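Visitor: Hello! Could you walk me through this structure, one question at a time?
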Amino acid sequence: MESISENSFEEILIEYMPMIKGIVNTYPQNSREDLLQEGILGLNNALQAYDESLNVPFKQFARKCIKNRVNTAYRKYSRDDTMERIDE
């Protein structure tokens, strides 16, 4: 995939923001702001890594990348919160 300009990314982000919010809204309220940022990063990763030759629709690929990024971040945040509570 060609390099995405900043303007192009903004347009793609507007298109995919409902998907990102839908994914993030399945997590606890107190984590959503951070996870929204992670979802945006997941979309960016999808844009960078997408390979048309694999015959997978970009939307499907992006959804998987976003979900993986958000889930990984949530597990990390949850683990960090648990460790902070143990240390207190």
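**A walk through the model**

Visitor: Is glutamine 37 buried, partly exposed or exposed?
Guide: Welcome! Keep in mind that this is a predicted model. Buried means under 20% relative accessible area and exposed means over 50%. Glutamine 37, a residue of helix 2, has 48% relative accessibility, so it counts as partly exposed.

Visitor: How far apart in space are glutamine 37 and valine 70?
Guide: Along the sequence, 33 residues separate the two. In space, from C-alpha to C-alpha, the distance between glutamine 37 and valine 70 is 8.7 Å.

Visitor: Which helix gives the most residues to the largest nonpolar core?
Guide: Nonpolar side chains tend to be buried together in soluble globular proteins. The largest nonpolar core here has 22 residues, and Leu13, Tyr16 and Ile20 are among those that touch the most other members. Helix 1 (6–24), helix 2 (32–49) and helix 3 (58–87) each give two or more residues to this core. With 9 residues, the top contributor is helix 1.

Visitor: Which residues does tyrosine 16 touch, leaving out those up to four places away in sequence?
Guide: Tyrosine 16 is itself a member of that core. Leaving out those sequence neighbours, its contacts are Leu43, Phe58, Lys59 and Ala62.

Visitor: Which residue forms a salt bridge with glutamate 38?
Guide: The structure holds 1 salt bridge, and its closest N and O atoms are 2.7 Å apart. It ties together parts 31 residues apart in sequence, because glutamate 38 lies in helix 2 and its partner in helix 3. Glutamate 38 is buried, at 14% relative accessible area, while the partner is partly exposed at 28%. That partner is arginine 69.

Definitions and conventions:
Residues are numbered from 1 along each chain as its sequence is written. This is a predicted model: local features need pLDDT of at least 70, side-chain atom pairs count only at pLDDT 80 or more; totals for chains, interfaces and linings use all residues. Side-chain values use heavy atoms; hydrogens and water are left out. A nonpolar core is a set of buried Ala, Val, Leu, Ile, Met, Phe, Trp, Tyr and Cys residues joined through side-chain atoms within 4.5 Å. Buried means under 20% relative accessible area, exposed over 50%, partly exposed in between (1.4 Å probe, protein chains only). Helices (H or I, at least four residues) and strands (E, at least two) are DSSP runs, numbered from the N terminus. Contact means heavy atoms within 4.5 Å. A salt bridge is a side-chain nitrogen of Lys or Arg within 4 Å of a carboxyl oxygen of Asp or Glu.
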